[in-house]
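Got the viewer open and a free hand on the mouse? Let's take a walk through this one, stop by stop.

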Amino acid sequence: MPHKPQIKIPATYMRGGTSKGVFFRLQDLPEAAQTPGEARDKLLLRVIGSPDPYQKQIDGMGGATSSTSKTVILAAPTQPDHDVDYLFGQVSIDKPFVDWSGNCGNLTAAVGAFAINGGFVSKSRIPENGIATVRIWQANIQKTIVARVPITNGEVQETGDFELDGVTFPAAEVQVEFMDPADGEGAMFPTGNLVDDLDVPGVGTLKATMINAGIPTIFLNAEDIGYKGTELQDDINSKPEALAMFELIRAHGAVKMGLIQNVEEAASRQHTPKVAFVAKPSEYVSSSGKVIGAGDVDVLVRALSMGKLHHAMMGTAAVAIATAAAVPGTLVNLAAGGGDRTSVCFGHPSGALQVGAEASQVNGQWTATKAIMSRSARVLMEGWVRVPGGSFAS
């Protein structure tokens with residue numbers, strides 16, 4: 001029986017922050033995948049190597065973790081005063097779907113460079129030496145992000161001495177500003193409360209801060225669920241009962257936040273919301289062997305992504321952390337010592353990260369104007385990705 005040959009699609013494999021993903025220009029995709037729908041999802045699943053019951057993604061570009069099972073599509077801007085539209089797809093590892101419900105803050109750091117290299121940014125706005133400001137429209141969440149990309153001799157500068165815990169080698173620093181990171185259509189605190197009682201059958205009633213800034217996130221106190229906030233990946237990911245508990249919490253929190261109608265819908269919305277737990281600082285040894293002292297950070301945070309404890313911290317969750325820390329009375333703020341603050345340094349499994357945010361009350365409602373963090377990014381490989389012909393037909 002004849003089989004269609006493979007086709008090749010222009011693509012770039014990039015690291016952004018503590019994530020990796022396959023980047024495409026919309027115009028380079030096969031025509032059937034240039035519009036949202038089944039053909040596009042099937043194509044991206046095949047590119048990454050999903051669904052894979054072995055959960056290894058051997059037959060694709062994915063790395064079998066939530067941090068490396070990612071895709072990005074860039075297109076000409078649909079909004080005035082922007083350089084590029086950025087669409088992010090979180091590809092499930094073992095299930096046949098792509099989650100388009102949120103952003104990837106880590107890969108955002110790579111979007112600016114890809115936009116420059118891909119011809120989306122006018123050459124008149126790229127200095128010979130200095131910083132290029134790339135105005136990004138994040139299409140998943142309908143928000144503006146500004147990436148400040150270093151330029152040397154007219155080219156994107158990727159090498160440097162900026163170190164990011166969770167990334168082995170230093171690189172050039174890229175500052176990312178998330179403008180108005182709260183949900184533009186709803187309240188930053190969807191329930192109207194800074195702290196809620198979240199009833200989870202089989203787990204109990206938990207104190208929770210539920211915020212929609214950067215990405216919808218449910219924050220819990222570590223001690224309320226039997227943790228210290230110093231845990232590394234294996235402490236949780238090796239325990240199926242712990243993962244099941246967090247998924248149950250996530251599903252019930254999603255309902256309370258108004259993201260889904262019932263807990264059953266959570267299975268088809270894996271990317272959002274995130275679940276994280278916080279604790280006051282205490283010393284621990286990070287996954288790289290680096291000692292993080294109690295005086296080195298303001299708060300400890302551990303977060304789950306796509307059903308597993310993240311090896312570092314998702315960029316969008318870092319925005320949520322920064323924003324929640326800036327609001328007196330949230331669980332994040334209280335664990336960090338309370339009071340007013342515009343920045344916070346938090347400890348995660350791979351080390352520590354400094355993030356900043358500005359939040360204020362307007363007509364009795366909390367809102368955030370900006371969240372800022374530094375990341376790095378670089379091209380790992382560029383050329384074409386190949387997929388079997390016919391594997392993505394509708």
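Start by selecting Asn 153: this residue is exposed, with a relative accessible area of 55%. Keep in mind that what you're looking at is a predicted model. Asn 153 sits in the loop between β7 (143-152) and β8 (155-156). Check its backbone too: phi is near 55°, a positive value in a residue other than glycine. Most residues other than glycine have a negative phi, and most peptide bonds are trans.

Next, hop over to Asp 180, in the loop between β9 (174-179) and β10. Here phi is near 45°, again positive in a residue that isn't glycine. Is Asp 180 buried, exposed or partly exposed? Asp 180 is partly exposed, with a relative accessible area of 37%.

**Two cis peptide bonds**

Now select Ser 50 and Pro 51. The peptide bond joining them is cis, with omega at about -5°. You'll find Pro 51 in the loop between α1 (38-48) and β3 (70-75). Then pick Thr 272 and Pro 273, where the peptide bond is cis as well, with omega near -5°. Pro 273 lies in the loop between α4 (240-256) and β13 (274-279).

**Three strands in a row**

Select residues 196-221 and look at strand β10 (residues 196-200) first. It pairs with β11 in the antiparallel sense, over five bridges. To see the match-up, show Asp 197 and find Lys 207 of β11 standing opposite. Three residues separate β10 from β11 in this hairpin, and Gly 202 in the turn has a positive phi of about 85°.

Carry on along β11 to its other partner, strand β12 (residues 215-221): the two run antiparallel and are joined by six bridges. Which residue of β12 is the bridge partner of Ala 208? Leu 220 is the one to click on. This second hairpin has one residue between its strands, and Gly 214 in the turn has a positive phi of about 85°.

Now colour β11 (residues 204-213) by itself. Seven of its 10 residues are buried, so this strand is largely enclosed by the rest of the structure.

**Into the covered parts**

Select helix α5 (residues 315-325). How many of its residues are buried? The count is 11 of 11, so to speak of α5 as mostly covered is fair. Among those buried residues are Gly 315, Val 319, Ile 321 and Ala 325.

From there, jump to Val 91 in strand β4 (residues 84-91). Val 91 is buried, with a relative accessible area of 1%. Show what surrounds it: leaving aside neighbours within four places in sequence, Val 91 is in contact with residues including Leu 44, Ile 48, Phe 97 and Met 306. Ser 50, from the cis bond you visited earlier, is also one of the contacts of Val 91. If you like, draw a distance line from Val 91 to Leu 243: their C-alpha atoms are separated by 19 Å, and the two are 152 residues apart along the chain.

**Zoom out**

Finish with the whole protein in cartoon view, where the secondary structure comes to six helices and 21 strands. The radius of gyration is 20 Å, close to the 21 Å that the globule rule gives for 394 residues, so the protein is as compact as a globular protein of that length. Of the 394 residues, 54% count as buried. Switch to a surface view for the last stop: the accessible surface comes to about 16,400 Å², and 50% of it belongs to carbon and sulfur atoms.

Methods
Residues are numbered from 1 along each chain as its sequence is written. This is a predicted model: local features need pLDDT of at least 70, side-chain atom pairs count only at pLDDT 80 or more; totals for chains, interfaces and linings use all residues. Side-chain values use heavy atoms; hydrogens and water are left out. Buried means under 20% relative accessible area, exposed over 50%, partly exposed in between (1.4 Å probe, protein chains only). Helices (H or I, at least four residues) and strands (E, at least two) are DSSP runs, numbered from the N terminus. Two strands pair if DSSP finds at least two bridges between them. The radius of gyration is taken over C-alpha atoms; the globule rule is 2.2 Å times the number of residues to the power 0.38. Accessible areas come from the Shrake-Rupley method with a 1.4 Å probe; for residues, only the protein chains shown count as cover. Contact means heavy atoms within 4.5 Å.
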